[in-house]
Amino acid sequence: MFSQVKISLSEIVTAATVAWVAQVLLGKWIKAKHVARELSSCPPTSALTLFNPFRPISLAIGSFYPFKNQLGNMFARFSLYKKYGSTCLVSATFWDAIPTYWFADADALKTITSDRFTFMKDVEAYETLNVYGHSIVGQEGTEWKRHRAVAMNAFNEANNALVWRESTRTVNKWFTQIDAVPLDESIDLLRDLTRATLLIIGSAGFGRHAPWVEDSSSLSHKVNLSSAVEEATAQLLPRILIPKFIWNAITQNNVYIPFFKPVVDKAQDALEVLRGHMAEIISEARSRLINDEKDNEDGAALLKNLVEANMMTFEQGNEGGYKSLTDEELYSNMFMYYLAGHETTAHTLCFVFVYLALYPECQQKVFEEILKIYPNGVPTEAPPSSYKKILPQLEYTSAVLHESLRLCPPVIRLVKLAQRDTILKSKRFVMSSKGNIGSTEVVDVPIEKGAMCVLDILGLHMNLIHWGNDVEKFKPERFIDTPHYTWPRDAFLAFSGGPRSCIGQRFAITESVCIIASVVRRYEVLLPQDVLAMKLEEQERRLLDWKPGMTIIPANARVRFKKREI
Ligand code: HEM
Ligand SMILES: *[C@@H]1O[C@H](CO)[C@@H](O)[C@H](O)[C@H]1NC(C)=O
């Protein structure tokens, strides 16, 4: 008896598909391995990154993949560079075999950030930020120049003075809330500082003076502006993760796709709510401009510049140096300034207050510095002129901010694509048995057109060649020049560098230093009670913990505030 072997058509198709996919993947793998091995200038030469480190999947799985000790791990800091004795590491992406150069080297990174024609943004990777249209953040070339030119002169000294005044005003509102909290209760820094920084960009950037708590029912909008910005921001992740064709099918062709439909609808809804708020702010600004109201003291230059550029025709814009914005660009830029103007600063300040609680001796120095300036306590109003006088005196406070930005930079890495073949310099080094850097040697790294160059900002900040053996330690003094020491400017890239560096750097520093000094003047910053019994390392691990997001997000930043007697 023979039993007949039956093979159905579907089984044949399945087998053929599997074989085809396997062959494609194997082909990709062989090619990527080959490319990786060719990159002989830097170790490790055969590393692959399974996912492009700057595309959506990597962002979504960044907290656990790539694993520890693999290239691209978000928590690796300087460890792999140290392991291979090189400030440049290479890999290739599995999918398109893109050669990838990872740099934690001040000189190489300075060259990359200075030369915006050779090293350009990976514009496609920023595509998902263009929810309303194009903006300064995701553009390159002459398009970027136009966006930057529109906003640039709003970030001047007069605006910094306004930022100082609004920060003082806002921190006073926060005091009222803090004073009502019992001493044994810790404060959720992320929640409060997000609120404070949103209020400050709202007033100093967009001329909108809102109270600490907005009564949503009295407004003409479904939700208040702060919530609208936060909601819209939260919707960027689903937008990044959902494939574009699915997104467009739902939003443009109204196709019903189970599971995705409610997620997309919710995101669209949040973006529309924010658009409503922005429309109102814009129309008010427009009528002020039409009625030619003179800039009053509250004049928010950023909003004025953006709206003015939108009111110009393209030809008019070109005359005055190519400055006009379409409606889409106006909305998109506004959203980006709201977003970039608060999130990074809020997250940075979370880490700062935790560090101050962890290092009371540093906090004491901040206190002594601000006590001299405000002997009678923090004023409720600060005249804008006080900015110019006070900020330069807060040298140590500013160093605390920078040291915190070094250890916890909100943007831990960026990427640029090489537009032509070129050569960068990196360092090879050996470690002595005592854990010191032994000898270093400068080597050429040939970069081919199309390669990815990673600005490993956190890696750079943890590079002991630039910062010394105590690189892991919180030590604000390293940002203070002395007759024998100048701090290594090029080894600090929290705000990126060169022509594409952060446009709001001075804004952020002014705002942060004002908040830190004012809070420390009024309160002693203390650790939460539940960590008091732990060792310092354990306390740091707990309170400074972060998770990757659009920028790094503090996971557990809490402190207690105790009102000072004097
Ligand atoms: C501690 C606070 C801040 C940090 C660490 C920070 C960091 C950065 C970094 C690393 C970049 C480069 C991003 C890239 O190349 O894709 C950047 C760009 C930018 N930042 Fe900031 N930022 C901060 C605060 C601010 C503030 C307060 C504003 C606005 C008021 C702002 C507005 C922008 C804008 C518009 C860009 C794009 C600039 C361009 O491409 O020409 N940032 N920021
Ligand atoms: C905005 O509204 C939400 C929800 O109604 C509320 O929880 C929040 O406190 C409000 N935010 C501000 C800044 O007033």
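**Why is it called that?**

Q: Why is G207 called partly exposed?
A: Its relative accessibility is 33%. Buried means under 20% relative accessible area, exposed means over 50%, and partly exposed is what falls in between (1.4 Å probe, protein chains only). The 33% of G207 falls in that middle range, so partly exposed is the label.

Q: What kind of model is this, and how are things numbered?
A: It's a predicted model, where local features need pLDDT of at least 70, side-chain atom pairs count only at pLDDT 80 or more, and totals for chains, interfaces and linings use all residues. Residues are numbered from 1 along each chain as its sequence is written, chains are lettered from A and ligands numbered from 1 in the order in which they are written, and side-chain values use heavy atoms, leaving out hydrogens and water.

Q: Where does G207 sit?
A: Look in the loop between α7 (189-206) and α8 (225-234). Helices here are DSSP runs (H or I, at least four residues), strands are too (E, at least two), and both are numbered from the N terminus. From G207 to A279 you'd count 72 residues in sequence, and the two C-alpha atoms are 14 Å apart in space.

Q: Is N73 buried or exposed, and how do you know?
A: N73 has 12% relative accessibility, so it counts as buried. You'll find N73 in the loop between α2 (56-61) and α3 (79-84).

Q: What makes N73 and A76 a polar contact?
A: A polar atom in the N73 side chain is 3.2 Å from the backbone nitrogen of A76. A polar contact is a pair of N or O atoms within 3.5 Å; within protein, one must be able to donate a hydrogen and the other to accept it, and neighbours in sequence count only if both atoms are side-chain atoms. At 3.2 Å, this pair is within the limit, so it makes the cut.

Q: Why does N254 count as exposed or buried, and what about A97?
A: They get opposite labels: N254 is exposed because its relative accessibility is 59%, while A97 is buried because its value is 8%. N254 is in the loop between α10 (244-253) and α11 (260-290), and A97 is in the loop between β2 (88-93) and β3 (99-103). Each has a positive phi without being glycine: near 55° for N254 and near 50° for A97.

Q: What makes a residue part of the shell around ligand 1, and how many are there?
A: A residue counts as near if one of its heavy atoms lies within 4 Å of the molecule. There are 25 such residues, with Y126, W144, R148, R500 and C502 coming nearest.

Q: How do you know that ligand 1 has polar contacts?
A: Check the distances: one of its oxygen atoms is 2.6 Å from a side-chain N or O of Y126, and an oxygen is 2.7 Å from a side-chain N or O of R148. A ligand nitrogen also sits 3.4 Å from a polar backbone atom of A340. Elements giving two or more residues to this shell are α5 (141-152), α14 (327-340), α15 and α21 (505-522), and α15 gives the most, with three.

Q: What makes a shell residue nonpolar, polar or charged?
A: Ala, Val, Leu, Ile, Met, Phe, Trp, Tyr, Cys and Pro count as nonpolar, Asp, Glu, Lys and Arg as charged, and the others, Gly among them, as polar. Around ligand 1 that gives 16 nonpolar, six polar and three charged residues. Around ligand 2 it's two nonpolar, four polar and two charged.

Q: How do you know which residues touch ligand 2 through polar atoms?
A: R195 has a side-chain N or O 2.7 Å from a ligand oxygen. E214 uses a backbone N or O, at 2.3 Å, and N224 uses a polar side-chain atom, also at 2.3 Å. The protein covers 65% of the 360 Å² of accessible area that ligand 2 has on its own (Shrake-Rupley method, 1.4 Å probe).

Q: Why is a group of residues called a nonpolar core?
A: The name goes to a set of buried Ala, Val, Leu, Ile, Met, Phe, Trp, Tyr and Cys residues joined through side-chain atoms within 4.5 Å. The largest one here has 159 residues, and F103, W174, L189, F353 and F561 have the most contacts inside it. Helix α15 (residues 343-358) gives the most to this core, with 11 residues.
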